[in-house]
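Reader: Could you walk me through this structure before I go back to the bench? I'd like to know what I can rely on.

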Amino acid sequence: MATLSLIPLAKISPYSRRLSRCDVVRFASPFTGTLNLITVPKSVSRVPAMVSPLEAISGFPANLLDLLRASPATWESSIASNLVIFTLGSPLLLSGLSALGMGSAFLLGVLTWRAFEAPGFFLVATYFVVGTAVTKLKIAQKEALGVAEKRMGRRGLGSVIGSSAAGCACALLSIYSVGGSAFSEIWRLAFVASFCTKLSDTVSSEIGKAYGKTAYLVTTFKVVPRGTEGAVSVEGTIAGLLASVLLSTISYFMGEVSAPQAAICVLASQLANIGESFIGAAFQEKDGFQWLNNDVVNVANISIGSILAVLMQLLIFDGWR
């Protein structure tokens, strides 16, 4: 026989269903079968309810979407965005990167998203897609000549660092607001210039090795075999210039740089690539410079491109204002 009792609200388990504002609520105990009358003070609108695992899981996609759309970007949103992108794009990424290369690229992606959000990340993604495509052009021919990238064109840890060291430095400078708001635009410009420089270098080198009819040593203009350090070709040079124009134009339309700054990035990239060719021809593979491998030269190249872009902005364009 069921009994009737009054139970103070304080004794109700927090796991109970939410209670609406009222004086008395019917409560059937699942354990005793007792029909209880619960007194609810007028000042209480509801008792917090524990969210069930099913409700938490059902809300996960919406929470993730909110995290991905966070603006300005946070470390959490940057990591989440890269996890999603790297998971969905893993087949393409693995075709162009080794395991270590992919890990370092993930770190680059997180830094880029945190500093420059989706537009900056799209810029790096464009560099990767175009760079991977030209690297694999006529890969069999390049391997026969001994000038192809290792691992069937898949870039490793050293290559990723060589391609992104300057960009990562710019991202960190931007994240921690080095120089204050006055320098935020400078770090963004230097970031874009570094990748314009690297894409131009990659495209000019790979197109030159695949389609260049004649390669010239930049220091003497002597004809040398394709793939020689410090050698340039007409086909590769034109392709590299167009690649730089492409990436700087994308940066302009993504709002990363202004039109004059896009022009700065193109000019800085070409000057940096000429400098890199001189470094390669004069020092690389020479006695006493065995440490000067492609990755080290690449770091020097993109650093020169970034520095030149900043100097042009500060000394030329800002000087005219």
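Author: Let me settle one term beforehand: a contact here means heavy atoms within 4.5 Å. Please also keep in mind that this is a predicted model.

Reader: Okay, so which residues is Asp-201 in contact with, leaving aside its neighbours within four places in sequence?

Author: Asp-201 touches Asn-273, Glu-276, Asn-298 and Asn-301 once those neighbours within four places in sequence are set aside. The residue itself is found in helix α8, which covers residues 184-211.

Reader: And is Asp-201 buried or exposed?

Author: Asp-201 counts as buried, because its relative accessible area is 10% and the cut-off for buried is under 20%. Its side chain also makes a polar contact with the side chain of Lys-198, at 3.1 Å.

Reader: Switching topic, what pLDDT does the protein chain average?

Author: The average pLDDT for the protein chain is 83, and 79% of the residues score at least 70. Confidence is highest in helix α9 (residues 234-253), with a mean of 97, and lowest in helix α1 (residues 53-58), with a mean of 43. Over residues 51-60 the pLDDT is below 50, and the model gives this stretch two contacts beyond near neighbours in sequence. Where pLDDT is low, the predicted coordinates should not be read in detail.

Reader: Last one, how many helices and strands does the protein chain have, and what share of its residues is buried?

Author: The protein chain has 11 helices and six strands, and 41% of its 321 residues count as buried.

Note on methods. Residues numbered from 1 in each chain as written. Predicted model: local features only at pLDDT ≥ 70, side-chain atom pairs only at ≥ 80, totals over all residues. Heavy atoms only, no water. pLDDT = per-residue confidence, 0-100. Helix = DSSP H or I, 4+ residues; strand = E, 2+ residues; numbered from the N terminus. Buried < 20%, exposed > 50% of the residue type's maximum accessible area, 1.4 Å probe, protein only. Polar contact = N/O pair within 3.5 Å; in protein donor to acceptor, adjacent residues only side chain to side chain.
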